[in-house]
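Here is my note on the model you sent round. Please read it with the structure open.

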Amino acid sequence: MERQTGTTQTIVGRSGRQAAVVGLAALCFLGVLSGPLHAQAPAKAPAGATGQLVPLPIQLPKPMFEGTPQNLSVPNLQKPLGRPRDPFLAPAGVTNVAKGKKVASSDTEPVIGELEQVTDGDKKGAEGSFVELGPGVQYVTIDLGATHEVFAVLFWHFHKTPRVYFDVVVQLADDADFKKNVRTLFNNDNDNKSGLGAGKDMNYVETAEGKLVDAKGSRARYVRLYSRGNSANELNHYVEVEVFGRPAK
Ligand SMILES: [Ca+2]
Ligand SMILES: [Ca+2]
């Protein structure tokens, strides 16, 4: 649609109203003919990208609830999209490089479950498929084992029931202690309660789709996710964290 609008504006500038009317009619005609074909065409790579971009090979778990989440009195809450998330494009061959990787945490003795569950590939929303960390600010750190080009971080805190996790911050770094080359990909702690700096991202409701954060091909070995309790209790949970990337050259 953007391209069609641009073409129409060009015609108006060049040849006046009559040409614009003719151009619009032609575009509408073309639109009728090509509309269904366009709808089925695969997503195109943005101009200037190197190599072929394809949708991330995301495999979603079964939803545990349907429809619009119940009313949650949470400020700065993102409105649900009401349809599946658009495909996220990344270079062909990018996979979940976090699967089975080592996980460390601010809570070394989880209340329920084990830290390994953060990267074990089990994304089910059911009981037994999440690790529960203590109250307050807690984080998990995933060691990718080597420097990777990271394109997206996809994570599920909990998706058995609709919840909002607070002060979600996602960071990349070159070291396990997050002192070297720290980059923040997402931060919805807008009042800086967690002390990592105020973020501008919005609160969101957990669903089976998980939360996908753009990492723009950043190079990093370590990925860290923070949270500070949720709308149902003060605890912190992780069902799974996926990091879509490829080994850095
Ligand atoms: Ca898991
Ligand atoms: Ca906050």
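The points below go from confidence and overall make-up to the core, one strand and one residue.

1. Confidence. This is a predicted model. The protein chain averages a pLDDT of 85, and 78% of the residues score at least 70. Where is confidence lowest in the protein chain, and where is it highest? The low is helix α1 (residues 2-40), at a mean of 39. The high is β7, at 99.

2. The N-terminal stretch. Over residues 1-49 the pLDDT is below 50. In the model, this stretch has 17 contacts beyond near neighbours in sequence. Where pLDDT is low, the predicted coordinates should not be read in detail. I would keep that in mind for helix α1, with its mean of 39.

3. Overall make-up. The protein chain has 1 helix and 11 strands. Along the sequence, the order is α-β-β-β-β-β-β-β-β-β-β-β. The chain counts 249 residues, and 32% of them are buried. Take the contacts with a separation of 6 or more: 75% of them join residues 24 or more positions apart.

4. The core. The largest nonpolar core holds 45 residues. Which of them touch the most other members? They are V118, V140, I142, V153, V223, V241 and V243. At least two residues of this core come from each of β5 (131-133), β6, β7 (169-173), β8 (183-187), β9 (211-228) and β11 (240-247). β6 gives the most, with 12 residues.

5. V118. Leave out residues up to four places away in sequence. V118 then touches V103, V131, V140, I142, Y238, E240 and V241. Of these partners, V140, I142 and V241 are also listed with V118 among the core residues that touch the most other members.

6. Strand β4. This strand spans residues 102-105, and its side chains alternate. V103 and S105 point to one face and are buried. K102 and A104 point to the other face and are not buried. In a regular strand the side chains alternate between the two faces of the sheet. β4 pairs with strand β6 (residues 137-156) in the antiparallel sense, over 4 bridges. A104 stands opposite T141 in β6.

7. A220. This residue sits in strand β9. Is A220 buried or exposed? A220 is buried, because 25 other C-beta atoms lie within 10 Å, against a cut-off of 20 or more. Setting aside neighbours within four places in sequence, A220 contacts T147, H148, V150, L172, A173 and D174. A220 and A248 are 28 residues apart in sequence; C-alpha to C-alpha, they are 8.7 Å apart in space.

How values were computed
Residues are numbered from 1 along each chain as its sequence is written. Chains are lettered from A and ligands numbered from 1 in the order in which they are written. This is a predicted model: local features need pLDDT of at least 70, side-chain atom pairs count only at pLDDT 80 or more; totals for chains, interfaces and linings use all residues. A residue is buried if 20 or more other C-beta atoms lie within 10 Å of its own, exposed if 12 or fewer, and partly exposed in between; C-beta atoms are placed from the backbone. Two strands pair if DSSP finds at least two bridges between them. A nonpolar core is a set of buried Ala, Val, Leu, Ile, Met, Phe, Trp, Tyr and Cys residues joined through C-beta atoms within 7 Å. Two residues are in contact if their C-beta atoms, placed from the backbone, lie within 7 Å. pLDDT is the predictor's confidence in each residue, from 0 to 100.
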